[in-house]
Amino acid sequence: MGGAFRRLAIVSASLSLVFLFARANASSASAAADKDAVLVGAGDISDCSSPSGAEATAKLLDQIPGTVMAVGDLAYPDGSKEDFVCYDKTWGRAKSRTRPAVGNHEFHSASATPYFDYFGAAAGDAKIGYYSYELGTWHIIVLNSECPDVGGCNAGSSEEKWLRADLAAHPVACTLAYWHKPLFSSGDKHGNDPEIKPLWQALYEANADVVVNGHDHDYERFAPQTPEGAADPARGIREFVVGTGGKNHRPFAPPKPNSEVRDATAFGVLKLTLKPNAYDWQFIPEAGKTFTDTGSGTCH
């Protein structure tokens, strides 16, 4: 009997250890899922003829851990293989953690081939240039705003249908999307781009929270709004224009409705700290500049 009891005690102790180990692993997995994630970057970055701006913002990335969003027009003037050599000397230091979006200058080279060759699988399918991924508790969507090159961005287009399907397949609490050309912008060079509105509409209907763009060479933050440009603090999308990666600066036109903050004096990057059900933002300027912008928001 004594031997039987001892064997029973050993089995019981072993099962307890297995249970405790499993519970610890589950707790660790839950803690990892709940950990804050960092997404940082900008668009409109490297120009071989004037590399100092891209080097200034690359130095910021050197000091900021996390996933890097390169938001289009990465290698001026034509997104060629030679232009990407200059990009590689600066932001290329963060290539292994970069998830890029394609811009109009990348398509100056046929089918943006050098862009897709440079980034490989990190840029998604080279035939379409849009994709999605998970970051912490957030779902991240990267779109292609060169609409004519992917069959349009209109309702019913391949990209719009893909976006709606992707949103339906990932009904998470917090969603962020980035691409190059903004729907809303006070920039004097480009301004609003209504061609992208159907994609904004799909994001809005799915309760997406944040959109990040480039294209105009400035920094601008908008209050949460609808695809029609109406203020909507309850479920509107907050848009950031961050065309401050290093190319140059351009002036603003009169502010668009819901524009809250604008600056065209500092190169810099936008750092987004993505939390479960919330986010913080911080514009970090290049060394020697003082403009910054900080705040927080909650997910819908």
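Reader: What percentage of the 300 residues in the chain is buried?
Author: This is a predicted model. A residue counts as buried when its relative accessible area is under 20%. Of the 300 residues in the chain, the buried ones make up 53%.

Reader: How many helices and strands does the chain have?
Author: The secondary structure contains both kinds of element. The count comes to 6 helices and 15 strands.

Reader: What share of the contacts with a separation of 6 or more comes from residues 24 or more positions apart?
Author: Take the contacts in the chain with a separation of 6 or more. Then pick out those between residues 24 or more positions apart. Their share is 72%.

Reader: Which element gives the most residues to the largest nonpolar core?
Author: The largest nonpolar core has 56 residues. Among those with the most contacts inside it are L39, Y87 and L274. The element that gives the most to this core, with 5 residues, is β1.

Reader: Which residues does L274 touch, leaving out those up to four places away in sequence?
Author: L274 is one of the residues with the most contacts inside the largest nonpolar core. Sequence neighbours up to four places away are not counted here. The residues touched by L274 are K35, D36, A37, L39, L135, W138, I140, L176 and Y279.

Reader: How many residues are in the second, separate core?
Author: This core is separate from the largest one. Its members include C153, W200, F222 and I237. Its residue count is 21.

Reader: Which elements do the buried residues of α6 pack against?
Author: Helix α6 spans residues 197-205. Its residues L199, W200, A202, L203 and Y204 are buried. The elements they pack against are β7, α5, β8, β9 and β11.

Reader: Which residue with a positive phi follows α6?
Author: Look just past the helix. The phi there is near 65 degrees. The residue is N207.

Reader: How far is D44 from the nearest side chain of opposite charge?
Author: D44 lies in the loop between β1 and β2. It is buried, and the nearest side chain of opposite charge is that of R250. A salt bridge needs the nitrogen and the oxygen within 4 Å. D44 has no salt bridge, as the distance to R250 is 6.1 Å.

Reader: Which side chain joins that of D44 in a polar contact of 2.9 Å?
Author: D44 has no salt bridge. Its side chain does make a polar contact, at 2.9 Å. The partner is Y76.

Reader: How many residues apart in sequence are the parts that E55 and R93 tie together?
Author: E55 forms a salt bridge with R93, with the closest N and O atoms 3.2 Å apart. E55 lies in helix α2, and R93 lies in the loop between α3 and β5. So the pair ties together parts whose separation, in residues, is 38.

Reader: Which residue of helix α2 meets R93 in a salt bridge of 2.9 Å?
Author: R93 is partly exposed, at 40% relative accessibility. Its partner in this pair is also partly exposed, at 42%. The two lie 31 residues apart. The residue is D62.

Reader: Is R221 buried or exposed?
Author: The side chains of R221 and E260 meet in a salt bridge of 2.5 Å. E260 is partly exposed, with a relative accessible area of 41%. For R221 the value is 9%, so R221 is buried.

Reader: Which residues form one network with R221 through salt bridges that share partners?
Author: E260 lies in strand β12 and R221 in strand β10. Shared partners extend this pair into one network. Joined with R221 are R238, E260 and D293.

Key. Residues are numbered from 1 along each chain as its sequence is written. This is a predicted model: local features need pLDDT of at least 70, side-chain atom pairs count only at pLDDT 80 or more; totals for chains, interfaces and linings use all residues. Side-chain values use heavy atoms; hydrogens and water are left out. Helices (H or I, at least four residues) and strands (E, at least two) are DSSP runs, numbered from the N terminus. Buried means under 20% relative accessible area, exposed over 50%, partly exposed in between (1.4 Å probe, protein chains only). Lys and Arg count as positive and Asp and Glu as negative; His and the chain ends are not counted. A polar contact is a pair of N or O atoms within 3.5 Å; within protein, one must be able to donate a hydrogen and the other to accept it, and residues adjacent in sequence count only if both atoms are side-chain atoms. Contact means heavy atoms within 4.5 Å. A nonpolar core is a set of buried Ala, Val, Leu, Ile, Met, Phe, Trp, Tyr and Cys residues joined through side-chain atoms within 4.5 Å.
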